[in-house]
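Okay, thanks for squeezing me in this morning. I'll put the structure up, and then we can walk through it together.

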Amino acid sequence: MDPCPFVRLIVESLALKLTQATKPAGSGVYPTTTPCFCKLRLKNFPSQTVLLPLSNHSGNSPPESSTSAVGFHLDPVTLRKLSAKLVMLHIEVYTGRMGRTCGVSCGKLVGRVQVSMDLGVSQTKSSVFQNGWMKLGNEPDKPAAKLHLTVRAEPDPRFVFQFGGEPECSPVVFQIQGNIRQPVFSCKFSADRSRSRSLPPDFTNKNRGWMRTLLGEKDRQGSERKGWMIMIYDLSGSPVAAASMITPFVPSPGSDRVSRSNPGAWLILRPNGFSVSSWKPWGRLEAWRERAPIDGLGYKFELVTEHGPINGIPIAEATMSIKKGGQFCIDRRVSRDSALSLRSPVKGFVMGSTVEGEGKVSKPVVQVGMQHVTCMTDAALFIALSAAIDLSMDACRLFSRKLRKELCHDEQDSSS
């Protein structure tokens with residue numbers, strides 16, 4: 001397998017140094033917590049807004065504090081368009097609060113800077129385009145606010161895969177390289193309400209504290225979704241990964257939605273012997289349906305350690321729109337949860353997978369960082385995880401609505 005060229009454009013070490021003339025009027029010392037922010041604009045990309053800490057250091061020494069990195073991901077198509085030209089990164093700096101009031105921006109513009117970049121060489125080696133202070137203003141003889149930033153680009157090659165159909169339809173998975181689509185995996189989805197008998201014995205016998213075991217439960221057809229499983233096979237037909245629903249998706253009392261306090265869960269399994277019952281867990285995915293402020297699919301993914309899922313290491317947690325779908329992402333650099341980012345053992349981009357909104361045809365596109373794939377089995381684990389998050393969109397569908405027939409094999413079988 002050969003990866004596709006991606007480049008990560010990183011903007012970091014952002015800080016602002018204001019002159020007396022640019023500080024807002026008011027008595028007392030200008031506090032470092034006063035809101036200041038900047039907007040980063042790159043053509044054909046959504047703008048990004050970042051809070052700016054203030055620096056009191058004199059001269060050109062680096063700031064005492066700065067923001068964490070933000071970035072743009074450039075895919076092969078974008079790189080082809082930009083590789084033969086200079087690209088401009090535009091930065092606008094504001095004081096005041098972010099957002100708008102009565103349609104008017106709350107922030108006051110302090111100044112603008114721009115950084116020119118030649119991204120042609122960044123596919124093969126790291127490049128630094130700016131590192132230091134930049135003056136906000138066009139009058140060289142007058143004092144002006146200064147912005148500190150580092151702008152650099154680094155290669156970020158990734159393997160790209162796409163499901164040939166919806167995961168519940170047991171599709172083929174293709175590797176994408178430019179215009180070439182090569183089959184590399186096949187999937188087999190099943191819905192068996194007695195699924196727990198095929199799970200590793202130690203996960204039904206030793207971990208009842210974190211897992212609601214499926215054995216001995218009364219069958220509550222229509223009031224829970226359980227027993228879903230998707231197996232991933234290589235081209236020889238050997239199973240190489242699986243995603244198994246181990247905690248049913250059930251509505252919270254008095255509602256028709258899966259709540260965060262009682263989420264459904266999947267185990268992502270890797271081979272360990274000939275039988276699936278002997279396979280070892282690699283990760284655990286929880287999913288639920290958020291009520292406000294938007295109707296969203298919430299999720300949390302943890303790496304499973306040798307001590308079992310109860311001591312898992314969380315590496316991704318977020319919410320995506322039920323209506324529009326979104327991107328499931330494991331990427332420390334773009335994590336919005338600083339506490340989660342600090343605890344996470346991963347560095348940089350790990351994977352991303354597209355998820356369509358509820359009721360829409362979904363053929364997930366999966367990107368996996370090259371450094372996280374040493375063999376086909378590694379890639380298959382991410383494919384299984386991608387299928388699990390996609391199927392969670394269906395599992396978290398309101399219980400007042402029916403599922404599509406592919407997800408209800410057990411009900412069809414019981415009625416035949």
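**A walk through the model**

Let me start with one pairing: Ser-186 has Tyr-233 in β14 as its bridge partner. Before I go on, please keep in mind that this is a predicted model.

So, that bridge belongs to a longer run. Strand β13, residues 180-191, and β14 are joined by 6 bridges and run antiparallel. On to β15, residues 239-247: β14 is linked to that strand by 5 bridges, again antiparallel. If you want a residue to click on there, take Met-229, whose bridge partner in β15 is Ser-244. Between β14 and β15 you have a hairpin with 5 residues between the strands, and in that hairpin Gly-237 has a positive phi near 95 degrees.

How many residues of β14 are buried? The strand covers residues 228-233, and 5 of the 6 are buried, so call it mostly covered.

Now, let's zoom out for a second. The chain has 416 residues, and 50% of them count as buried. You get 5 helices and 22 strands. If you take the contacts between residues at least 6 apart in sequence, 62% of them join residues at least 24 apart. The accessible surface comes to about 20200 Å², with 51% of that belonging to carbon and sulfur atoms.

Next, the core. Which residues touch the most other members of the largest nonpolar core? The core has 58 residues, and the ones on that list are Phe-161, Phe-185, Trp-228, Ile-232, Phe-301, Phe-328 and Ile-330. The element that gives the most to this core is helix α4, residues 376-395, with 13 residues.

Phe-185 is a nice one to look at by itself. Leaving out residues up to four places away in sequence, Phe-185 touches a whole list, including Phe-161, Val-172, Val-173, Ile-232, Tyr-233 and Leu-235. Also among its contacts are Met-376, Ala-379, Ala-380 and Ile-383. There's a second, separate core too, with 33 residues, including Leu-9, Leu-42, Leu-52 and Ile-91.

Okay, aromatics. The count is 7 aromatic pairs. Take Phe-189 and Trp-228: why do we call that pair edge-to-face? The ring centres are 6.0 Å apart and the planes sit at 75 degrees, and the cut-off for edge-to-face is over 60. This pair links distant parts of the chain, with Phe-189 in strand β13 and Trp-228 in strand β14, 39 residues apart. Are those two rings' residues buried or exposed? Phe-189 has a relative accessible area of 2%, so it's buried, and Trp-228 is buried with 2% as well.

The other pair I'd show you is Trp-282 with Phe-382. That one is edge-to-face too, at 5.3 Å centre to centre and 80 degrees between the planes. Trp-282 lies in strand β17, residues 280-290, while Phe-382 is in helix α4, so the pair ties together parts that are 100 residues apart in sequence. Trp-282 has a relative accessible area of 15%, and since the cut-off for buried is under 20%, it counts as buried. Phe-382, at 5% relative accessibility, is buried as well. And there's a third member: ring pairs link Trp-282, Phe-301 and Phe-382 into a cluster. You've already met Phe-301 on the list for the largest nonpolar core.

Now let's move to another sheet. In what order do its strands run? It's an open sheet of 4 strands, β3-β2-β5-β8, with antiparallel pairing. The edge strands are β3, at 48-51, and β8, at 108-118, and each of them pairs on one side only. On average, neighbouring strands here are turned by 20 degrees against each other, direction ignored. Strand β2, residues 36-42, pairs with β3 over 4 bridges in the antiparallel sense. There, Phe-37 stands opposite Leu-51 in β3.

Last stop is a loop. Ser-122 sits in the loop between β8 and β9, the latter being 127-135. Is that serine buried or exposed? Its relative accessibility is 0%, so Ser-122 counts as buried. What is Ser-122 in contact with? Leaving aside neighbours within four places in sequence, the contacts are Val-7, Ser-127, Phe-129, Ala-153, Glu-154 and Pro-155.

That's my tour, so over to you.

Conventions
Residues numbered from 1 in each chain as written. Predicted model: local features only at pLDDT ≥ 70, side-chain atom pairs only at ≥ 80, totals over all residues. Heavy atoms only, no water. Pairing = 2+ DSSP bridges. Helix = DSSP H or I, 4+ residues; strand = E, 2+ residues; numbered from the N terminus. Axes fitted to C-alpha atoms, helices over the stretch in contact; angles between N-to-C directions. Buried < 20%, exposed > 50% of the residue type's maximum accessible area, 1.4 Å probe, protein only. Contact = heavy atoms within 4.5 Å. Areas by Shrake-Rupley, 256 points an atom, 1.4 Å probe, with all protein chains shown as cover. Core = buried A, V, L, I, M, F, W, Y, C linked by side-chain atoms within 4.5 Å. Phe/Tyr/Trp six-rings, centres within 6.5 Å; stacked < 30°, edge-to-face > 60°.
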